[in-house]
Amino acid sequence: MGVHTAQLVRNSGYPCSMGAGKDNYSGNVVSRSRMIISLLMLILVLVLSLVWQASKTMQSNRETATQVLQDYARLVCDEYARRAMGQIGYYGYFAHINEISQALFAGADILAPDKVPENNLALYRFLVDPASAEVRFSQRPDTVATLEAYLLRKAGDILAKGPSESGFFIDHSIIEGHAHSFVFARASDSDRVFGFTVDRSGLAERLQQLFERDALLPRSLAGGEITNEFLFLRFKDHNEEVLFQSRETYDPNLLASRGLNMEYEGVFDGHTIEAAIASGVADSLVIGGLPRSRLPVLIITVILTVGLLIAAIRQLYLEHALMKMRSNFVSEVSHELRTPLTQIRMFAETLLFERYKTADDKRRALEIINRESQRLIHLVENVLRFSGRNGDQRDLTLVQTDLVPLVQRVVDEFRPLAEGAGNSLLVDLDARAEAEVDTDALRQILLNLLDNAIKYGPEDQTVRVSLQQRTDSIRLSVCDQGPGIPRADREKIWGGYYRLERERDSAIAGTGIGLAVVRELVTLQGGSVRVVDSEDGGACFVIEIPRVQESP
Ligand code: ADP
């Protein structure tokens, strides 16, 4: 299996169709892999488009459901506005202004607190006489000067307007940054204007009572299940300040709002009502309820699909690499088988047709046949051992053996091959080396290492084989003067099918399984193997085998 072997292969004259076959084979594999990758990509595109479709449908369902719930919320706003304007405008403001009007007509002092019935909507009352520029209050307000000026101006406007249909006027204004609401009426003498300032806390109380009184959504909806407890409602004044709010939390997506204007004499002009239905009761109003966002599920689906595709492509790539390694291996083994077979056939014919001249020639032919058939057996043993890897220790029979004669025998057997390649073998054997080994396995290990030393080392090198007995183990090493093994490859060479980069274009034939078989056999005997730099700069393969095997 040395350099000369590879050259013989080239010169053997046999047509070598292996390359073309391999090209076709790997071409098929590549196109099959491409097809699988294209299919996987297609699956990815399909999954992505399904996810996109699902998210679109989900979004549109959600939009429709949101729309429906907002419509109901708008209904709540309308109903609350109707009740608020009726109850507070008519039964509150209008009723109270009438009472004050009657008291004034009866000649009572409308500004004396005990003269007019209590009404929690009125903060204080006032009587304005624009002619004398006099403003009187039932209770002195804080910003009296500003208020006096404001009420005088308003009273002038009201008197100028003439009588109103409802008999009262409502005004919402912001004075010194604060929201105020006033209810005015003309006195029967038509010279004065009276009225009251709305009590905001009283108004808020009324708004709350209104909310708590009756369900705002019609009973026909959801069988009256949706009481006001499930509603968010907020009432804001003309200064955007909240007068009443039913609860703290709501879903902003479901919020509907309604601005109030001059309806009911502008009782809430510039005010806003906002309402939302709690998403928890959505399924009573919308079939299927408010669709929950499936976005996280969809994102996880996409991530999983992409992850699986990457795993599948990686698996494909590994499969492809393994197939390539196997096909290289088959081609290498065929090359290695053909060379000794060619030699055997050639020299067998020489003997058969008596083409030799001297007895020495005849002997040489027999020696070559013997050597090449041994090489064949060695190669076949390696292939068998490699293909039957993962077998257990029952494969080997470990017996206490004197290793010196065993190693010496293998080295002598190998010596003609080494010398034929111009190498010399130097043996340094410890006289006492004994261990529990399988003799055939040790022979195969040594032959593989010697074969590599000769194959990869230069001509005229000296290969050293040494055997030492240590306390617990024996150490067998084979060191050459070749190029050595780079540190980066020192683990990879044991894996099988692995050849160094520099061997790619070299003429040295090899299958990449010799060292895998070495490690396998050493491990089965409880030992270990490593490669280090030899003293001469070559490779030194060191094997340690325990002297006594541990019982399993
Ligand atoms: P093969 O020799 O058939 O290629 P091996 O498993 O025996 O397979 O060796 C694996 C690789 O390790 C070889 O291809 C070679 O590159 C490298 N190698 C093995 N032994 C030596 C050595 N003594 N010197 C240099 N390189 C070696």
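These are my notebook entries on the ligand site and on three single residues in a predicted model.

**Entry 1, the ligand shell.** I began with the ligand and looked up which residues surround it. There are 19 residues around the ligand, and those that come nearest are Asn452, Tyr456, Arg499, Glu503 and Thr511. Sorting the shell by class, I found eight nonpolar, six polar and five charged residues.

**Entry 2, backbone contacts to the ligand.** I then went through the polar backbone atoms that face ligand oxygen atoms. For Leu515, a polar backbone atom is 2.8 Å from an oxygen atom of the ligand. Gly514 has a backbone N or O atom at 3.1 Å from a ligand oxygen, and for Gly512 I noted a polar backbone atom that is also 3.1 Å from an oxygen atom of the ligand. I looked up next how much of the ligand is covered: on its own the ligand has 520 Å² of accessible area, and the protein covers 98% of that area.

**Entry 3, where the ligand sits.** Which cavity holds the ligand? I found the ligand in the largest cavity. Looking for the elements that give two or more residues to the shell, I noted helix 10, which spans 439-456, and helix 11, which spans 514-524. Helix 10 gives the most to the shell, with three residues.

**Entry 4, Glu79.** I turned from the ligand to Glu79, which I located in helix 2, a helix that covers residues 18-105. Is Glu79 buried or exposed? Its relative accessible area is 19%, and I therefore entered Glu79 as buried, the cut-off being under 20%. The side chain of Glu79 also makes a polar contact, at 2.9 Å, with the side chain of Arg82.

**Entry 5, positive phi at Glu240.** I looked up backbone angles next, and Glu240 has a positive phi of about 65 degrees although this residue is not a glycine. I placed Glu240 in the loop that lies between strand 6 (231-236) and strand 7 (242-245).

**Entry 6, positive phi at Tyr264.** Tyr264, likewise a residue other than glycine, has a positive phi, with a value near 55 degrees. Where is the place of Tyr264? I found Tyr264 in helix 5, which consists of residues 263-266. I entered Tyr264 as partly exposed because its relative accessible area is 46%, a value in between the cut-offs of 20% and 50%.

Technical notes. Residues are numbered from 1 along each chain as its sequence is written. This is a predicted model: local features need pLDDT of at least 70, side-chain atom pairs count only at pLDDT 80 or more; totals for chains, interfaces and linings use all residues. Side-chain values use heavy atoms; hydrogens and water are left out. A residue is near a molecule or strand if one of its heavy atoms lies within 4 Å of it. A polar contact is a pair of N or O atoms within 3.5 Å; within protein, one must be able to donate a hydrogen and the other to accept it, and residues adjacent in sequence count only if both atoms are side-chain atoms. Accessible areas come from the Shrake-Rupley method with a 1.4 Å probe; for residues, only the protein chains shown count as cover. On a 1 Å grid over the protein atoms alone, a cavity is a set of points where a 1.4 Å probe fits but cannot get out, and a pocket is an open set with protein on both sides within 12 Å along at least five of seven lines; lining residues have an atom within 4 Å of a point. A molecule sits in a cavity or pocket if more than half of its atoms lie within 2 Å of its grid points. Ala, Val, Leu, Ile, Met, Phe, Trp, Tyr, Cys and Pro count as nonpolar, Asp, Glu, Lys and Arg as charged, and the others, Gly among them, as polar. Buried means under 20% relative accessible area, exposed over 50%, partly exposed in between (1.4 Å probe, protein chains only).
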